[in-house]
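Trainee: I am new to this structure and would like to learn how to read it, feature by feature. Could we look at it together?

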Amino acid sequence: MDPLTSQRPMLKRNRSLVDVDRDYLIHPVTSFRGHEARGATLLRSGRGMYVTDMDGRELLDAFAGLWCVNVGYGQESIAEVAAEQIRRLPYATGYFHFGSEPAVRLAQRLVELAPPSLTHVYFTLGGSDAVDSAIRYVIHYFNALGKPEKKQFIALERGYHGSSAMSSGLTALANFHRNFDVPLRWQHHIPSPYPYRSPVGEEPAAVIARSVADLRAKVAELGADTVAAFFCEPIQGSGGVIVPPKGWLKAMRDTCAELGILFVADEVITGFGRTGPMFACEHEDVSPDLMTVAKGLTAGYAPMGAVLMSDAVYQGIADGAAPDLPIGHGYTYSGHPVSAAIGLEVLRLYTEGGILANGQHVAGRFKAGLDGLADHPLVGDVRGQGLLGAIELVTDKTSKTRFDAALKIPDRLFAEGYRNGVIFRAFGDGILGLAPALCCTEDEMDLIFARIRRTLDGILDQPDVRAVLS
């Protein structure tokens, strides 16, 4: 017997899909033992705003998969484009000066839609490697300029920039650091612009001034000549949908320019209509030095992300090496023609298909739904922009006290929501995240909030929860 074969576990026959999942599939950002005990929730199909699980239960998806299915499920035109591209040219490398029409057209379209500073595009597989690519290009840029000392990177507490080897250190959430030996020594964080819990209060000017002062102080601490870039999300997604006051993004961008630091906008979540305009930077006419995107780029129909780069950074990298030397950064699937074809069709649906406009239209209904929950006994804060929002639960509205982790409120919220036929994000500190697809109708939006209110009422009725309310 082959000694390697003999070491393999015996395959178990006649197992359910849930059991097979337990045995073989590692899920992202999941307790291995916890998942073995719980088992997977398997989805079978999706159409519009709804997904159907393997038991035939239909669920209203108020989180667009993972902030990404912005055009809704089951768009036939996307399936047709993907099938046609697979038949015609399923793969084309970007190495050796090869390329494909979909990738070229998509790069052109992104530059047309993006903030005016961004004129070059590098394609990735998703958001984490887009951030990794941005880090590598920033490092290369300053080395090419003859400034090798500029190696320090600054991001925000509660920020999320991916879970890869480098991006997870810019992320500032404990789950992504524990036992992974990050942040790295060149990765630093300043406090989040979190109005609801800001030490300076919720007044916009004070929150903005505090963030600017924190950035300046961190740069002074590290040494102005050593700091390369500041990364931020226009709205912090996985940190609890933290919405900075209007003017914050521009103030931070202007401060970076003044200090000689590259400003990198992470629009992996906020891009492609999620906050209203095509990109959240448009709210304040901010033009970054680099911008990372993914999720809504293909609306989750295929893996793809991108780094959009200013001409100044591009030219600095290009001029920093002899013409015969390659810039040694690349991925096998960069600019994948099928993903690119899907991306082009998704962008067409946003613009010519009216999905971006629909998202803007129902944003008012979304805000009304959030505001309508502010009076609930469990709710301390509601916040959002466009179709990106959060509901923060507390035990006391005056003191803003969070629920004890031992109560496992996030698990209860998800389970209660599932029973009520609605899917949302239940963050670890008692925050519900919402990101419905841009194709959502007003009736569907009303139904989302009716089911969420029913969910909150169900949690409130649990004796140990009611017992800790003030």
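Trainee: How many bridges join strand β3 to β13, and in which sense do the two run, parallel or antiparallel?

Mentor: As a general idea, the strands of a sheet pair through backbone hydrogen bonds, either parallel or antiparallel. In this predicted model, strand β3, residues 58-61, is joined to β13 by two bridges, and the two strands run parallel. One residue can be followed across that pairing, since Leu60 has Val422 in β13 as its bridge partner.

Trainee: What is the order of the strands in the sheet that holds this pair?

Mentor: The order is β1-β2-β3-β13, an open sheet of four strands with mixed pairing. Its edges are β1 (43-47) and β13 (422-423), and because each has a single partner strand, one side of each is left without a neighbour in the sheet.

Trainee: Which helix lies across these strands, and at what angle to β3?

Mentor: Helix α15, residues 442-460, lies across β2 (50-53), β3 and β13, and runs at about 105 degrees to β3. The helix is worth remembering, since α15 also packs on another sheet. That open sheet has four strands in the order β11-β12-β15-β14, with antiparallel pairing. Here β11 (379-385) and β14 stand at the edges, and since each has a single partner strand, one side of each has no neighbour in the sheet. Between β11 and strand β12, residues 388-393, there are six bridges in the antiparallel sense, and Gln385 stands opposite Leu388 in β12. Helix α15 packs on this sheet by touching β11, β12 and β15, and its direction makes about 165 degrees with that of β15.

Trainee: Which way do the residues of strand β10 point, and are they buried or exposed?

Mentor: The general idea is that in a regular strand the side chains alternate between the two faces of the sheet. In β10, Gly305, Val307 and Met309 point one way, while Ala306, Leu308 and Ser310 point the other way, and all are buried. Strand β10, residues 305-310, is thus described as mostly covered, with six of its six residues buried.

Trainee: Which strands pair with β10, and over how many bridges?

Mentor: Strand β4, residues 118-124, pairs with β10 in the antiparallel sense over six bridges, and in that pairing His120 stands opposite Met309. Strand β9, residues 290-293, also pairs with β10 in the antiparallel sense, over four bridges, with Met291 opposite Leu308.

Trainee: How many aromatic pairs does a search of the whole structure find?

Mentor: The search finds 15 aromatic pairs. One of them is formed by Trp67 and Phe427, a tilted pair at 6.3 Å centre to centre with 35 degrees between the planes. This pair links distant parts of the chain, for Trp67 is in helix α4 (residues 64-67) and Phe427 is in the loop between β14 (425-426) and β15 (431-434), 360 residues apart. Both residues, Trp67 and Phe427, are buried, and ring pairs link them with Phe63 into a cluster.

Trainee: Which lysines lie over the face of a ring?

Mentor: Among them are Lys150, which lies over the face of Phe142 at 5.1 Å from the ring centre, and Lys400, which lies over the face of Tyr196 at 4.5 Å from the ring centre. Both Tyr196 and Lys400 are also touched by Glu202, whose contacts further include Pro195 and Val207, not counting residues up to four places away in sequence.

Trainee: Where is Glu202 found, and why does it count as partly exposed?

Mentor: Glu202 is found in the loop between β6 (187-190) and α9 (204-222), and it counts as partly exposed because its relative accessibility is 45%. Glu202 and Pro245, although 43 residues apart in sequence, are 8.8 Å apart in space, C-alpha to C-alpha.

Trainee: How should I judge the confidence of the model, and which elements have the lowest and the highest mean pLDDT?

Mentor: The chain averages a pLDDT of 96, and 97% of the residues score at least 70. Among the elements of the chain, helix α1 (residues 3-6) has the lowest mean pLDDT, 48, while β9 has the highest, 99.

Notes: Residues numbered from 1 in each chain as written. Predicted model: local features only at pLDDT ≥ 70, side-chain atom pairs only at ≥ 80, totals over all residues. Heavy atoms only, no water. Pairing = 2+ DSSP bridges. Contact = heavy atoms within 4.5 Å. Axes fitted to C-alpha atoms, helices over the stretch in contact; angles between N-to-C directions. Phe/Tyr/Trp six-rings, centres within 6.5 Å; stacked < 30°, edge-to-face > 60°. Buried < 20%, exposed > 50% of the residue type's maximum accessible area, 1.4 Å probe, protein only. Lys NZ or Arg CZ within 6 Å of the ring centre and 35° of its normal. pLDDT = per-residue confidence, 0-100.
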